[in-house]
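Walk me through this structure. Start with the cysteines, then move to the cores, and finish with how far to trust the coordinates.

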Amino acid sequence: ANDPAVGSLKRLDIDYSCGGRQQNRVGFEDGNFAQLRCGDNAPVVQVYQPPVQTPGPIHHGSHSGGSIKNGLTVVNARWEVVGGGTWCDATPQLAGACDGRTSCQLPVDPKYLCNGDPAVGRQKRLDIKYLCNGNMQPQIGFLDGSQASLQCGGVAPPVQVPASNQLLQVTFARWEVNGGGPWCDALPQMAAACNGRHFCQVPVDPRNLCSGDPAPGRYKTLEVRYTCRGKPKATMGFPDGSQAALNCE
């Protein structure tokens, strides 16, 4: 009946069954409505979210121990609003598509993940932790509408690279009218989508940047500066309607 952590961001995580069949875990951030659905044509039940403490990452015991398996083994797959928020557990779908294979692809789409979209109309990212021949790989993320693609080539376990040498870090992102004029700071969105990854891709449009267009109807460019393995990369410019793609290979 009381807030367990006043002033701190929390999330409500729910495990539930539908007709006796266990469903994927779903999560809802503060201030939203917890929405549960039982079947594609069933009405949505909305329950106002009471404040609860945020749990740590989900770990799936079926993949965390035992004998080493050849090929891919999905440990955790979490489809979550970019920057943190509502999410769902997509591990069953990714494991079904990928486990035991050397490569796999699955669309980041509610037709294939979580039995439905956990946050309709909001930009999300599917983050995947997986093993290759029994060796943990760097976490990889895929934005809505893309193809989640995992690779595990060869028979021998891959060479592990220190995490500090693998990560993108966005240091500057400014969406501005060409030639100077109105602009906005897109660093929060770019950092949320890209930091800590080998590769990221963000559409240059007001649904994904700055919480809105700083100059509707005027041609703009998103200027991005970032580091790769701690070393600065050349400044990148992406025009309206393109995909801001950063690579750290």
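Is Cys-210 buried or exposed? In this predicted model, Cys-210 has a relative accessible area of 16%. The cut-off for buried is under 20%, so Cys-210 is buried.

Its partner comes next. Cys-210 forms a disulfide with Cys-184, with an S to S distance of 2.0 Å. The link of Cys-184 and Cys-210 is right-handed, at 85° about the S-S bond. This pair connects distant parts of the chain, 26 residues apart. Cys-184 sits in strand β15, residues 183-185. Cys-210 sits in the loop between β16 (199-203) and β17 (220-228). Cys-184 has a relative accessible area of 12%, so Cys-184 is buried too.

A search of the whole structure finds 6 disulfides. Another of them joins Cys-228 to Cys-248, S to S 1.9 Å. This link is right-handed, with 85° about the S-S bond. Here, too, distant parts of the chain are linked: Cys-228 belongs to strand β17, and Cys-248 to the segment after β20 (243-247), 20 residues apart. Cys-228 has 8% relative accessibility and therefore counts as buried. Cys-248 has 0%, so Cys-248 counts as buried as well.

Next, look at Cys-132 and Cys-152. Their sulfur atoms are 1.9 Å apart, in a disulfide. The link of Cys-132 and Cys-152 is right-handed, with 85° about the S-S bond. What does the pair tie together? Cys-132 lies in strand β10, and Cys-152 in the loop between β13 and β14 (168-177), so the disulfide ties together parts that are 20 residues apart in sequence. Cys-132 and Cys-152 are both buried.

Now the packing. In soluble globular proteins, nonpolar side chains tend to be buried together. The largest nonpolar core here has 27 residues. Which members touch the most other members? They are Val-74, Leu-94, Leu-113, Leu-126, Ile-128 and Leu-150. Several elements each supply at least two residues of this core. Among them are the strands β1 (11-14), β7 (72-81) and β9 (103-107). Strands β10 (124-132) and β13 (147-151) also contribute, as does helix α2 (91-98). A second core, separate from this one, holds 23 residues. Its members include Cys-184, Ala-193, Tyr-226 and Cys-228. Cys-184 and Cys-228 thus appear in the second core, and each is also a disulfide partner, Cys-184 with Cys-210 and Cys-228 with Cys-248.

One loop residue deserves a look. Thr-86 lies in the loop between β7 and β8 (87-89). Thr-86 has a relative accessible area of 4%, so this loop residue is buried. Val-26 is 60 residues from Thr-86 along the chain, yet their C-alpha atoms are separated by 7.6 Å.

Last, confidence. The protein averages a pLDDT of 78, and 74% of the residues score at least 70. Where does the confidence peak, and where does it bottom out? Strand β19 (residues 236-239) is highest, at a mean of 95. Helix α1 (residues 61-64) is lowest, at 39. The pLDDT is below 50 over residues 40-66, a stretch with 55 contacts in the model beyond near neighbours in sequence. Residues 154-165 also stay under 50. For them the model has 14 contacts beyond four places in sequence. Where pLDDT is low, the predicted coordinates should not be read in detail.

Conventions. Residues are numbered from 1 along each chain as its sequence is written. This is a predicted model: local features need pLDDT of at least 70, side-chain atom pairs count only at pLDDT 80 or more; totals for chains, interfaces and linings use all residues. Side-chain values use heavy atoms; hydrogens and water are left out. A nonpolar core is a set of buried Ala, Val, Leu, Ile, Met, Phe, Trp, Tyr and Cys residues joined through side-chain atoms within 4.5 Å. Buried means under 20% relative accessible area, exposed over 50%, partly exposed in between (1.4 Å probe, protein chains only). Helices (H or I, at least four residues) and strands (E, at least two) are DSSP runs, numbered from the N terminus. A disulfide is a pair of cysteine sulfur atoms within 2.5 Å. pLDDT is the predictor's confidence in each residue, from 0 to 100. Contact means heavy atoms within 4.5 Å.
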